Amino acid sequence: MLKNLLQRFIKNKIDDCSEEYFYILRIVYMNLNSDERYLSNNIKHNLNNFNIADREQLKKKIEISKRILSKIEIKNNTKKLNYIPNLKSVQIKNFRSFGHFDSKDKGVKFEFDKNKNILFAPNGGGKSSFCEALEYKLTGEIKEAKRRNIGIGSYVKYKESFIPNIKVEFFKEDYELSLEDKSLLKYTFIEKNRLNEFALLGSKDTGTNERDILAILLDLEEFDSFISKFVQAKSLALDSLKSNTLKTKNSELVENMNKIKDDREKSIIKIKELNQQKKLINVRKELIKSKKEKKEYSDKILKVKSKKINYHTKDDLGKLFEKCSKQIKEYNKVIDELLEKKDKQNYRKLYDSIIDLKNDIEEKGCCPVCDTSFDNVKINPISKASVEIKKLSEIVDLETQKEKYEQEIQKTFDELKEVELMIKNNLAEHIELKEENIKFITESKKDNSKDILKEKFEAYTSGNLENYFKIVNEINKEVSKVSLTVEKYKLKIEELEVKENELKKILQEFKSIAQLVGKYSEDVKNIKNEIEQVSELFKNEQLKNDFIDNVFLAYEQFRKNIDEFKLKLEQERLENIENDTLSFYNQINKHDDESEYLNNINFEKGDKKYCINIEINDEEKDAFNYLSEGHLRSLGLSIMLALIKKLKIPFIVFDDVVNAIDSEHRANIIDMFYNDKFLKDKQLIITTHDRLFWERFSNAHQDINKLKSFILKYTNYGTIYEVYDVDFRNKIKKSLECFDIRQALLFCRIWFETEIINYCMTNKKELRGNFSPEIKGNLLKPSLEKIYNDIIHKEFQGNINLEIIRNGLNWNIQNQEHHTYDENTYNVVHSKTSNEIKEIFDAIDAFVYVLFQVREKKRINDLIIQLFGKYESLQKKQKNPKLPSKVYLKFEKERDRISLEIMHEIENLKKFKLQVCQ
């Protein structure tokens, strides 16, 4: 990006620039990636080393650069995109938090919807890694890596030895991005960090007036930072590079040469005196001997340190076996009970009862065995089937317990293998343990983990590990004494180093004096040559001083031109987006007080940067001096959205952006995403760690088939995801399955509120309210209690389910805005039981049917058809003669479950229809 902009600037200037101006451009371009705090220092460094004889070479370089630039097409990356299709999918492997399972794993693949997509994860869950993977693939760079000054290769790696791999698919098959596309797609990414930085640096409290804050949003932050590396011309101080006159140079050189000759004679005398005191050859011998002794002590330290032991006790192993024994005992108890129940269960009888009951109820309305009316039969077939179903449910519960204990026993088995690995390592590393005869799990002839654990427990209790743990304890005591021996050797080494340093000082003194003698001789020779060259140097010195003066004038012009160029770039981006920015801003803040509404937004061009002026209450204000940090974030988001709209970018990626906006305005953002003329049909990919926002966004969509909701999770193999089910019924059932009473009740509360509000909106119901000075902006927010009393209760007064819902939800203790519970009433949740929640769930389910009969009837019928399809599919699979018995039984169990679910839905439909008739 920066290189492209600089090429564009140079191309505009090179045709009519002076040699000195070109000299500056060339240095700047060549040192673009310099670590210097100020790039203007590179001009000084190069100018200081500039040889005036290279002036002719500089002219040739100007002509070469003109020819090269004439062939380069510099594109304006703020032109509108012709057409880029929406994102269909992205597959990420070995990129930051995304890893892989094995060599065959191609990475985590996200399938996007053409409309709305949202990803939820807590902090550290992989949201930014996901967004940056898209940014890296679509643009070739990552802004955050540049901000942190980290190399892109180091920034994106999952682990050192793995190569990142990202694959993107578009809804247009085989579509390939051009370089121009990649340059423009940089604007599709909106990050929380940029909005926070824009608000923080622009805030009146921070007061950083010297920064161009808008550059942060317009993808010009890097270019603005580049400009800041050039000091003002008056601070460049090039006069210090000019040379002084050479008129007295010759006399100074002669005087210096005579002084050097005297110093050389003094040094020769000093060497002779030093050699008489201590012979040079003896110093070298003593130094070699000292180094040899020091190495011997270092080797001894390494040898002592290498001894180590994996320390553990018999009690640790005993606790593991005690847990194992308890688990196997519980497991055997469940197995015995399971076998007894299965022996008493007649599966065929159950199946025939259900099928006959279904067919006869539909055709005859009498007993399927004797054609007798149900009122006259001795044993009612419905009651008979219910008895069998109850037995079956008991078997299912025992099967669940069996699987649980099998998992726990396997976990204990794995822990034992880890302990045995420690024992194996100790046996291999210590000769004292070579005679220990210990049988390991891998050597057992048993093929069942429970039998192996039993065998290991018997070996443990027999006491054949006593000697092993005794030896391990003794070795551990020896290892603890290692530090004393090491300290002793280190003291010896320190004594030798002191002696060695003294010898080195003597040797260095010899060398230094000898080097001085050689240097003095060389200096005398050089000064003689220099005296001969003084006359020619004086001429070149004056030419260079003139060049320095001209470079200073060129730098003044360059500094002015680069500021003008940046303003031109900002103008290209900001032009004609004021109205859209205003629209987005007022949508985000639509519930603010009317006195805070903006009437106009204007981007005003200054000498070095653009200012943002806002019109509020018929007064023009500076946005950065008037707006709070929260409103500045809203303004920053609005500017970026307006720019994306101007460029007609097909999709937008939000990296945790909503968490930069205060909670009061997040509901407005959801409304804007779904209802704004530009955004409602735009493909949005949103990440957030705000669970409430995620829930609201997921359930605000009128058509769940046009929404993909993901939950990111971090595992030992990297980030993965699961698709989020937005259906309230499924979420409540799942919460009840894991006994999460609080979450189930919360979902019931949101579900009921969502449905009745939807009913009121669909049927255009009216509700009266009172204005209050305590409510900001006098916004009327109807409570659930108000909607219930004024509309729902009046219209459905005789409905038996309303009283169950009203008493069960008890919404007076809940916060209407956030669908959550106050801390002081948190214990109310725990007063509910699973059965009570189930009753509330059934009541809401039945009442929703009353509100939306056509929709719900279609939903239930579609569900029954879908379940029948699954049932028949399992039947076909069971007919495979090669199907293993375990799999067959698994399919049989699933078919039984589906049969029960079908019957439940049929009964629900009958019950709901009867309720409507009443």
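Buried, in this talk, means under 20% relative accessible area. Keep that cut-off in mind. The model is a predicted one.

Let me start with Asn 613. It lies in strand β7, residues 610-616. Its relative accessibility is 10%, so Asn 613 counts as buried. What does Asn 613 touch, once residues up to four places away in sequence are left out? The list runs Asn 600, Ile 601, Asn 602, Glu 604, Glu 620, Lys 621 and Asp 622. Take two of those. Glu 604 shares a side-chain polar contact with Asn 613, at 2.4 Å. Asn 600 sits 13 residues away from Asn 613 in sequence, and the C-alpha to C-alpha distance between them is 8.3 Å.

Now another asparagine, Asn 659. Where does Asn 659 sit? The answer is the loop between β9 (651-655) and α23 (663-675). Its relative accessible area is 16%, so Asn 659 is buried too. Set aside neighbours within four places in sequence, and Asn 659 contacts Lys 192, Arg 666, Thr 688, His 689 and Asp 690. With His 689 there is a polar contact between side chains, at 3.5 Å.

Step back to the whole chain. It has 918 residues, and 42% of them count as buried. There are 31 helices and 14 strands. Look at contacts with a separation of 6 or more: 77% come from residues 24 or more positions apart.

Next, a sheet. Three strands make an open sheet, ordered β2-β1-β4, with antiparallel pairing. β2 and β4 are the edge strands, each pairing on one side only. From one strand to the next, the twist averages 10°. As a reminder, strands of a sheet pair through backbone hydrogen bonds, parallel or antiparallel.

Strand β1 covers residues 87-93, and 6 of its 7 residues are buried. On one side, β1 pairs with β4, residues 165-170, over 6 antiparallel bridges. With β2, residues 108-111, there are 4 bridges, again antiparallel.

Which residues mark the register? Leu 87 has Phe 170 in β4 as its bridge partner. Gln 91 is worth a look from both sides. In β2, its bridge partner is Lys 109. In β4, Gln 91 stands opposite Lys 167.

A helix goes with this sheet. Helix α5, residues 127-139, lies across β1, β2 and β4. Its angle to β4 is about 75°.

On to the rings. How many aromatic pairs does a search of the whole structure find? The count is 31. Take Phe 226 and Phe 230. Their ring centres are 5.2 Å apart and their planes stand at 80°, so this pair is edge-to-face. The cut-off behind that label is an angle over 60 degrees between planes. Both Phe 226 and Phe 230 are buried.

A second edge-to-face pair is Phe 673 with Phe 697, at 6.3 Å centre to centre and 80° between the planes. Why does this pair tie together separate parts of the chain? Phe 673 lies in helix α23 and Phe 697 in helix α24, residues 691-700, so the pair joins parts that are 24 residues apart in sequence. Phe 673 is buried, and Phe 697 is buried as well. Recall that α23 also follows the loop of Asn 659, which lies between β9 and that helix.

Ring pairs also build a cluster. Its members are Phe 9, Tyr 21, Phe 223, Phe 226, Phe 230, Tyr 555, Phe 558 and Phe 565. So our edge-to-face pair of Phe 226 and Phe 230 belongs to that cluster.

Last, charges over rings. I have two cases. Arg 96 places its charged end over the ring of Tyr 155, 4.3 Å from the centre. Lys 114 does likewise over the ring of Phe 171, with 4.8 Å to the centre.

To close, three places to revisit on the screen. Go to Asn 613 and its 2.4 Å side-chain contact with Glu 604. Go to Gln 91, with Lys 109 as its partner in β2 and Lys 167 opposite in β4. Then go to Phe 673 and Phe 697, the ring pair at 6.3 Å. Thank you.

Methods. Residues numbered from 1 in each chain as written. Predicted model: local features only at pLDDT ≥ 70, side-chain atom pairs only at ≥ 80, totals over all residues. Heavy atoms only, no water. Buried < 20%, exposed > 50% of the residue type's maximum accessible area, 1.4 Å probe, protein only. Helix = DSSP H or I, 4+ residues; strand = E, 2+ residues; numbered from the N terminus. Pairing = 2+ DSSP bridges. Polar contact = N/O pair within 3.5 Å; in protein donor to acceptor, adjacent residues only side chain to side chain. Contact = heavy atoms within 4.5 Å. Axes fitted to C-alpha atoms, helices over the stretch in contact; angles between N-to-C directions. Phe/Tyr/Trp six-rings, centres within 6.5 Å; stacked < 30°, edge-to-face > 60°. Lys NZ or Arg CZ within 6 Å of the ring centre and 35° of its normal.
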